[in-house]
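The exercises below are meant to be worked with the sequence and the 3D structure open side by side. Each task is followed by a solution that goes step by step.

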Amino acid sequence: MSRPAEAGRRARSLGSRPTTRYALRVVSLVAALALWQLLTSLDVDVWLRFSQFPTVTDVAHAFADRVTGPDYWTDLTDSLTRILTGFLLAAVLGVAVGILVARSRLAEDLLGPVLEVIRPIPAIALVPVAILLFPSNEQGIVFITFTAAFFPVLVSTRHAVRALTPVWEEAVRTMGGGRWRVLASVVVPGALPGIFGGLSVGIGVSWICVISAEMISGQYGVGYRTWQDYTVVNYPGVFVGMATIGVLGWLTSTAVELVGRRLTHWLPRTSYAPAGRPRVPRTAAAQAVPATAATATAEAEEARDEHLV
């Protein structure tokens with residue numbers, strides 16, 4: 001096969017892979033919905049009582065009715081506003097405090113014990129504190145959202161900064177860079193992957209806690225509406241709220257990951273390969289000719305040593 005034909009075949013193969021993956025994801029989602037519809041429509045009760053569940057069609061009708069009303073979009077806007085406000089505050093303060101604690105022993109000694117005592121407390125357990133502390137329920141819900149996202153961001157940032165290679169900082173200082181230069185050129189860029197890992201976790205935990213806070217002390221929001229549907233035994237409405245929460249959580253987490261990939265575009269990206277072996281192009285494999293058996297043995301030993309390290 002000629003080189004142009006081989007290149008065209010490879011381009012078509014690479015172009016079809018994303019389409020195949022998206023198709024598989026759609027098929028898995030449709031299969032899950034079909035299984036849900038089958039179990040609920042047949043009233044299957046084998047330990048799990050699917051007869052108590054609404055069917056997919058019931059939830060779809062309830063969702064269509066809810067979308068056409070004004071309350072749904074008001075709840076959506078309120079929940080997103082609370083999430084984004086608390087999450088952005090947690091992102092800024094969590095990264096700042098995480099870097100400070102990781103870089104300063106004094107800050108670690110002063111702030112570390114307090115933070116470690118508060119960190120295991122579930123954010124939802126702070127709802128009474130928020131009700132007593134803040135003059136309005138809205139501020140209390142934002143506080144709960146902030147607390148939920150703050151500690152994942154803080155811990156991830158702290159570990160990412162402490163895991164940085166000291167050689168990078170020494171190189172910057174050798175060239176005359178000061179503390180702020182090290183922070184801007186080494187600490188923040190090097191810790192970005194870990195920081196965005198904490199942000200991705202934090203946005204998910206924020207959704208869990210803001211919904212719970214809305215159920216307890218909110219007046220509007222997706223969580224508040226879901227709880228109201230439960231109290232009046234409107235189970236299709238409850239599932240509409242659950243589906244809305246899931247979609248919103250997925251969209252916001254995806255947005256955080258996309259921003260993280262854009263800001264860390266300089267990182268090497270690995271692609272999935274069976275058995276953990278990297279994919280080698282055929283042309284490169286055909287052109288690669290080992291010089292001697294000794295060279296091949298040395299390279300194998302070096303690769304083994306790096307793997308062990």
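**Exercise 1. A helix pair**

How close do the axes of helix H9 (residues 222-231) and H10 come, and at what angle do they cross?

Solution. Before starting, note that this is a predicted model, in which local features need pLDDT of at least 70 and side-chain atom pairs count only at pLDDT 80 or more, while totals for chains, interfaces and linings use all residues. Residues are numbered from 1 along each chain as its sequence is written, and side-chain values use heavy atoms, with hydrogens and water left out.

Step 1. Locate the elements, where helices (H or I, at least four residues) and strands (E, at least two) are DSSP runs numbered from the N terminus.

Step 2. Fit the axes, which are lines through C-alpha atoms, taken for helices over the stretch in contact, with angles running from 0 to 180 degrees between N-to-C directions. The axes of H9 and H10 come within 7 Å and cross at roughly 160 degrees. H9 is therefore roughly antiparallel to H10, since angles over 145 degrees count as roughly antiparallel, those under 35 as roughly parallel, 65 to 115 as roughly perpendicular and the rest as oblique.

Step 3. Assign the hand: H9 passes H10 in a left-handed crossing, a crossing being left-handed if the near helix is turned anticlockwise from the far one by less than a right angle, and right-handed if clockwise.

Step 4. List the contact (heavy atoms within 4.5 Å). H9 contributes Val222, Thr226, Asp229 and Tyr230, and H10 contributes Tyr235, Gly237, Val238, Gly241, Thr244, Ile245 and Leu248. Sorted by class, these are six nonpolar, four polar and one charged residues, where Ala, Val, Leu, Ile, Met, Phe, Trp, Tyr, Cys and Pro count as nonpolar, Asp, Glu, Lys and Arg as charged, and the others, Gly among them, as polar.

**Exercise 2. Span and burial of H10**

Compare the span of H10 with the expected value, and then list its buried residues.

Solution. Step 1. The expected span is 1.5 Å times one less than the number of residues. H10 (residues 235-263) has 29 residues and reaches 42 Å from its first C-alpha to its last, close to the expected 42 Å.

Step 2. Apply the burial classes, in which buried means under 20% relative accessible area, exposed over 50% and partly exposed in between (1.4 Å probe, protein chains only). The buried residues of H10 are Gly237, Val238, Phe239, Val240, Gly241, Thr244, Leu248, Gly249, Thr252, Ser253, Val256 and Gly260.

**Exercise 3. The surroundings of H6**

Describe how H6 is covered, how helix H3 packs against H6, and where Thr147 and Ser206 fit in.

Solution. Step 1. H6 (residues 137-162) has 26 residues and spans 38 Å, close to the 38 Å expected, and 19 of those 26 residues are buried, so that H6 is mostly covered.

Step 2. H3 (residues 70-103) and H6 pack at an angle of about 35 degrees with their axes 6 Å apart, in a right-handed crossing. The residues of this contact divide into 19 nonpolar, six polar and five charged.

Step 3. Thr147 lies in H6 and counts as buried, at 9% relative accessibility. The C-alpha atoms of Thr147 and Ala123 are separated by 6.1 Å, although the two residues are 24 residues apart along the chain.

Step 4. Ser206 belongs to helix H8 (residues 179-217) and is buried, at 0% relative accessibility. Leaving out residues up to four places away in sequence, Ser206 touches Ile83, Phe87, Thr145, Ala148 and Ala149.

**Exercise 4. Two residues with positive phi**

Where do Asp43 and Trp47 lie, and are they buried or exposed?

Solution. Step 1. Asp43, in the loop between helix H1 (3-41) and strand E1 (45-46), has a phi near 55 degrees, a positive value in a residue other than glycine. Asp43 is partly exposed, with a relative accessible area of 46%.

Step 2. Trp47, in the loop between E1 and strand E2 (48-49), has a positive phi of about 70 degrees although it is not a glycine. At 79% relative accessibility, Trp47 counts as exposed.
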